[in-house]
Amino acid sequence: MGVLHAFIEAIEQLRSLASHIPGIAPLAQEAFLFRPFILLLVLGVAAGAVGTLVNLRRVEFNAEAMVHSVFPGIVAGFAFGGTDAIPLGASLTALLVVAALVLVEHTEAHHEGGTAVVLTAFFGLGIVISLKKGDMSGQLEALMFGRLLEVTDARLLQSLIVCLLALLLVIATWKENILVAHDREGARAMGINLLAVDLALNCAIAAIVISASSAVGVLLVIAYLVVPGAAGRLISASVGRMCVISILVAVLGGWLGMRLMLVPTPHPVSPQAAVVLSIVALLVLIIAGLKIYTVLRKIMAPKVKASTEGELQGVGAQ
């Protein structure tokens, strides 16, 4: 309790400082707004880094499987211990899911069918548990799509710790994951332990799912794992820049979604939907910007070529 009390005081001091920062001040007015904002900020940094490796390693389907497969742990945690027990239930289930996914990936006849079996089996188990527990129809939607504004101090602390774990796993295996992404067999020949690298990446993915599941929900967290990395891949030539852009997209999407939620509208706006759609909108803007840039280059290329030829002819005449 002492650690939690100190954490609450630190968050309140941070909220007081943030209340003077333009753009963030509206989110610092109330604790129920500032807690999810802090969660999305840290989640964006961790998910951006993990999403970079997800994109480079081409394991988006593994991420999708992880997102759905931790569902029984989330349901069990909520059913038997309330919302604060969701991370614990999800963590225990995630260990089993990571083991299953890595086992499937390292079988000689590995194909996406095995990953699909893991996904459907665990997700189906979650539905069975929810039905066995009783009428959870009102809570089932919250577990799938999250309740961002109901993040408590205890859940925030848990989520931040799990995000930190994901970042540590990424940092510890960054070079190895990059090498495996470009040449898996070459990495094996160099003596890199592929099992350890795959376990680390899948555990990092699981950590992101666990930290975000109670906030944006298990069905929407995939946006954090896939979209920022894809955005970074589109507009960067190096892995380092790709990671930075991925983090910026995730963080900016979280901030923008929270701000859009506060815009007066005839009907309430779902915070989780606003955040996810903001991240997707940033990806769409990047794609549109690249298309416009390509078109402008094609239009300007003949003019630049003609201008260059004219200058060369003028120099030749002199």
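**Entry 1: α3 against α12**

I started with helix α3 (residues 60-69) and α12, whose axes come within 9 Å and cross at roughly 165°. Angles over 145 degrees count as roughly antiparallel, so I noted α3 as roughly antiparallel to α12. I should add for the reader that this is a predicted model. The crossing of α3 with α12 is right-handed.

Next I listed who touches whom. From α3 I found Glu60, Ala63, Glu64 and Val67, and from α12 Ile222, Leu225 and Val226. Sorted by class, this contact of α3 with α12 holds five nonpolar residues, two charged and no polar ones.

**Entry 2: α2 against α12**

I then turned to helix α2 (residues 31-57), which packs on α12 at an angle of about 65°, the axes being 7 Å apart. I therefore wrote down α2 and α12 as roughly perpendicular to each other. Here too I looked up the hand, and α2 and α12 cross in a right-handed way.

The α2 side of this contact consists of Leu40, Leu43, Gly44, Ala47, Val50, Gly51, Thr52, Val54, Asn55 and Leu56, while α12 brings Tyr224, Leu225, Gly229, Ala230 and Arg233. I sorted the contact of α2 with α12 into nine nonpolar, five polar and one charged residues. Leu225 is worth a pencil mark: it is listed in the contact with α2, and it is also listed in the contact with α3.

**Entry 3: α12 against α13**

Which helix did I pair with α12 (residues 222-234) next? It was helix α13 (residues 239-261); the two axes come within 7 Å and cross at roughly 130°. That angle makes α12 oblique to α13. The crossing of α12 and α13 is right-handed.

In α12 I found Tyr224, Pro228, Gly229, Ala231, Gly232 and Arg233 meeting Met242, Ile245, Ser246, Val249, Ala250 and Gly254 in α13. By class I have seven nonpolar, four polar and one charged residues in the contact of α12 with α13. Tyr224, Gly229 and Arg233 got a mark as well, since they appear both here and in the contact with α2.

**Entry 4: the second largest pocket**

After the helices I went looking for space. The second largest pocket has a volume of about 190 Å³. The elements giving two or more residues to the lining of this pocket are α5 (86-105), α8 (153-172) and α11 (194-216).

I copied out the lining of the second largest pocket: Ser91, Ala94, Leu95, Val98, Ile161, Val162, Leu165, Leu169, Cys203, Ala206, Ala207 and Ile210. Which classes do the residues of this lining fall into? I have 11 nonpolar, one polar and no charged residues for the second largest pocket.

**Entry 5: the second largest cavity**

How many cavities of 30 Å³ or more does a search of the whole structure find? The search finds two. I looked up the second largest cavity, which has a volume of about 30 Å³.

Its lining is made by Arg57, Val59, Asn62, Glu105, Asp198, Leu201, Asn202 and Ile205. The largest share of that lining, four residues, comes from α11, and α11 also gives two or more residues to the lining of the second largest pocket. By class, the lining of the second largest cavity has three nonpolar, two polar and three charged residues, whereas that of the second largest pocket has no charged ones.

How values were computed
Residues are numbered from 1 along each chain as its sequence is written. This is a predicted model: local features need pLDDT of at least 70, side-chain atom pairs count only at pLDDT 80 or more; totals for chains, interfaces and linings use all residues. Side-chain values use heavy atoms; hydrogens and water are left out. On a 1 Å grid over the protein atoms alone, a cavity is a set of points where a 1.4 Å probe fits but cannot get out, and a pocket is an open set with protein on both sides within 12 Å along at least five of seven lines; lining residues have an atom within 4 Å of a point. Grid points are joined across faces, edges and corners, and a volume is the space filled by probe spheres set on the points. Ala, Val, Leu, Ile, Met, Phe, Trp, Tyr, Cys and Pro count as nonpolar, Asp, Glu, Lys and Arg as charged, and the others, Gly among them, as polar. Axes are lines fitted to C-alpha atoms, for helices over the stretch in contact, and angles run from 0 to 180 degrees between N-to-C directions. Angles under 35 degrees count as roughly parallel, over 145 as roughly antiparallel, 65 to 115 as roughly perpendicular and the rest as oblique. A crossing is left-handed if the near helix is turned anticlockwise from the far one by less than a right angle, and right-handed if clockwise. Contact means heavy atoms within 4.5 Å.
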